[in-house]
Amino acid sequence: VRDGAMSDLQTQLREVLRENELLRRELEAKESKLSSSMNSIKTFWSPELKKERAVRKDEATKMAVWKEQYRVVQEETQSALITLSLPLSLCHLLGVRNRIKLPSRNFNKYESRHIKTNSLPR
């Protein structure tokens, strides 16, 4: 009985080893095919990805420049508003506004050029 059992075990072992070898070859073939496909994909997509990355980088650079330009314009606008409002504020504080004929909000171009300033304090 032992010889028969031993013979059966040896037969099963050979079958398992043979099946193992077939599966190993199948795995190697699939890995080779996958590697080939991966190389093909890398070769095909790599230039496109590089172009896309370059475009994104370019856009980010442009956006940074635009943000900086916007910041500078905002600062200049704020400075101009302060510069324009300062004389009016000073006139108001000094009480000069009542002594100077200031144009109304709806003045025409001719009037804006001929604002009377004769009554300014000296």
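Helices and strands are taken here as DSSP runs, with at least four residues for a helix and at least two for a strand. On this basis, the span of residues 6–33 is 100% helix and 0% strand. Its end C-alpha atoms lie 40 Å apart. The same residues, 6–33, carry the UniProt annotation "coiled-coil region", which comes from an unreviewed entry. The structure described is a predicted model.

Across the whole chain there are two helices and zero strands. Helix α1 runs over residues 2–94. The chain has 122 residues, and 2% of them are buried. About 12,000 Å² of the chain is exposed. Carbon and sulfur atoms supply 58% of that area.

Confidence was examined along the chain. The mean pLDDT is 79, and 70% of the residues reach 70 or more. Over residues 109–120, the pLDDT is below 50. Beyond near neighbours in sequence, this stretch has nine contacts in the model. Where pLDDT is low, predicted coordinates should not be read in detail.

A nonpolar patch was found on the surface. Leu34, Met38, Ile41, Phe44, Trp45 and Leu49 form this patch. Together these residues have about 610 Å² of accessible area. One of them, Phe44, is found in helix α1. Phe44 has 55% relative accessibility and therefore counts as exposed, because the cut-off for exposed is over 50%.

Charged pairs were considered next. Side chains of opposite charge can pair when their charged atoms come close. A search of the whole structure finds eight salt bridges. One of the pairs joins Glu52 and Arg56. The closest N and O atoms of Glu52 and Arg56 are 2.9 Å apart. Glu52 and Arg56 are four residues apart in helix α1, so about one helical turn separates them. Both ends of this pair are partly exposed: Glu52 has 43% relative accessibility, and Arg56 has a relative accessible area of 47%.

Further along in the numbering, Arg71 takes part in two salt bridges, with Glu68 and with Glu75. The side chains of Glu68 and Arg71 meet at 2.3 Å, N to O. Glu68 and Arg71 are three residues apart in helix α1, which means that about one helical turn lies between them. For Glu75 and Arg71, the closest N and O atoms are 2.4 Å apart. Glu75 and Arg71 are four residues apart in helix α1, so their separation is again about one helical turn. Salt bridges that share partners also join Glu21, Arg24, Arg25 and Glu28 into one network.

The accessibility of the residues around Arg71 was also computed. Arg71 is partly exposed, with a relative accessible area of 38%. Glu68 is partly exposed as well, at 37%. Glu75 has 48% relative accessibility and counts as partly exposed. These three values fall in the partly exposed class because that class lies between the buried cut-off, under 20%, and the exposed cut-off, over 50%.

Terms used
Residues are numbered from 1 along each chain as its sequence is written. This is a predicted model: local features need pLDDT of at least 70, side-chain atom pairs count only at pLDDT 80 or more; totals for chains, interfaces and linings use all residues. Side-chain values use heavy atoms; hydrogens and water are left out. Buried means under 20% relative accessible area, exposed over 50%, partly exposed in between (1.4 Å probe, protein chains only). Accessible areas come from the Shrake-Rupley method with a 1.4 Å probe; for residues, only the protein chains shown count as cover. Patches are made of residues with over 30% relative accessible area and no salt bridge: like charges are joined within 9 Å, nonpolar side chains (Val, Leu, Ile, Met, Phe, Trp, Tyr) within 5 Å. A salt bridge is a side-chain nitrogen of Lys or Arg within 4 Å of a carboxyl oxygen of Asp or Glu. UniProt positions are given in the numbering used here, feature names are shortened, and annotations may be inferred rather than shown by experiment. pLDDT is the predictor's confidence in each residue, from 0 to 100. Contact means heavy atoms within 4.5 Å.
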